[in-house]
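Please open the structure in your viewer and set the display to a cartoon representation. The tour below proceeds one selection at a time.

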Amino acid sequence: MSNNNNSNPSSSSEPRHEDDSALSEFLSSLMDYNPTIPDELVEHYLGKSGFQCPDVRLTRLVAVAAQKFIAEVASDALQHCKARQSSVVKDKKQQKDKRLILTMEDLSKALREGQDQCATLFI
């Protein structure tokens, strides 16, 4: 069977050029980005894993990915917390107090779900 990727080089290089351009713009925008997770902390853990890169853009890219992961886990844990607290029979005092109490159980469930989702990506 023949590969059609090389049949029209001009049409196949255009999307690639646009992707490269978008990636370059994104990477350059990371230079001005002040991540929530400090560069030094990311560099420390990257170094502990044996990875070293002098490019601060890559460090910040890892920081953005870590921040997104933490935000998703926190959001999932909050959903578990709300579900757990809504299923509990509430007395009058609890009805007045609308505070949510996040537990390790909520966090563990959220992390377990995240781990299961990652595992299915690599299967």
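The stops that follow lead from the whole chain to individual residues.

**The whole chain.** Please begin by selecting the entire protein chain, bearing in mind that this is a predicted model. Which secondary structure elements does the protein chain contain? There are 5 helices and 0 strands, and along the sequence they give the pattern α-α-α-α-α.

**Surface and interior.** Next, display the surface of the protein chain. About 10200 Å² is exposed, of which carbon and sulfur atoms supply 57%. Of the 123 residues in the protein chain, 14% are buried. Contacts may be examined here as well: among those between residues at least 6 apart in sequence, 60% join residues at least 24 apart.

**Helix α3.** Now select residues 56-87, which form helix α3. How far apart are the end C-alpha atoms of this helix? They are 47 Å apart; at 1.5 Å a residue, the 32 residues should span 46 Å, so the two values agree. Within α3, colour the buried residues: Thr59, Arg60, Ala63, Val73, Ala77, His80, Cys81 and Gln85.

**A nonpolar surface patch.** Then select Leu23, Phe26 and Leu61 together. These residues form a nonpolar patch on the surface, and their combined accessible area is about 250 Å².

**Leu23.** Finally, keep Leu23 alone, which is found in helix α1, residues 9-29. Why is Leu23 described as partly exposed? Its relative accessible area is 48%, and the partly exposed class lies between the limits of 20% and 50%, so Leu23 belongs to that class.

Key. Residues numbered from 1 in each chain as written. Predicted model: local features only at pLDDT ≥ 70, side-chain atom pairs only at ≥ 80, totals over all residues. Heavy atoms only, no water. Helix = DSSP H or I, 4+ residues; strand = E, 2+ residues; numbered from the N terminus. Buried < 20%, exposed > 50% of the residue type's maximum accessible area, 1.4 Å probe, protein only. Contact = heavy atoms within 4.5 Å. Areas by Shrake-Rupley, 256 points an atom, 1.4 Å probe, with all protein chains shown as cover. Patch = residues over 30% accessible without salt bridge, like charges linked within 9 Å, V, L, I, M, F, W, Y side chains within 5 Å. Salt bridge = Lys/Arg side-chain N within 4 Å of Asp/Glu carboxyl O. Expected span 1.5 Å × (residues − 1).
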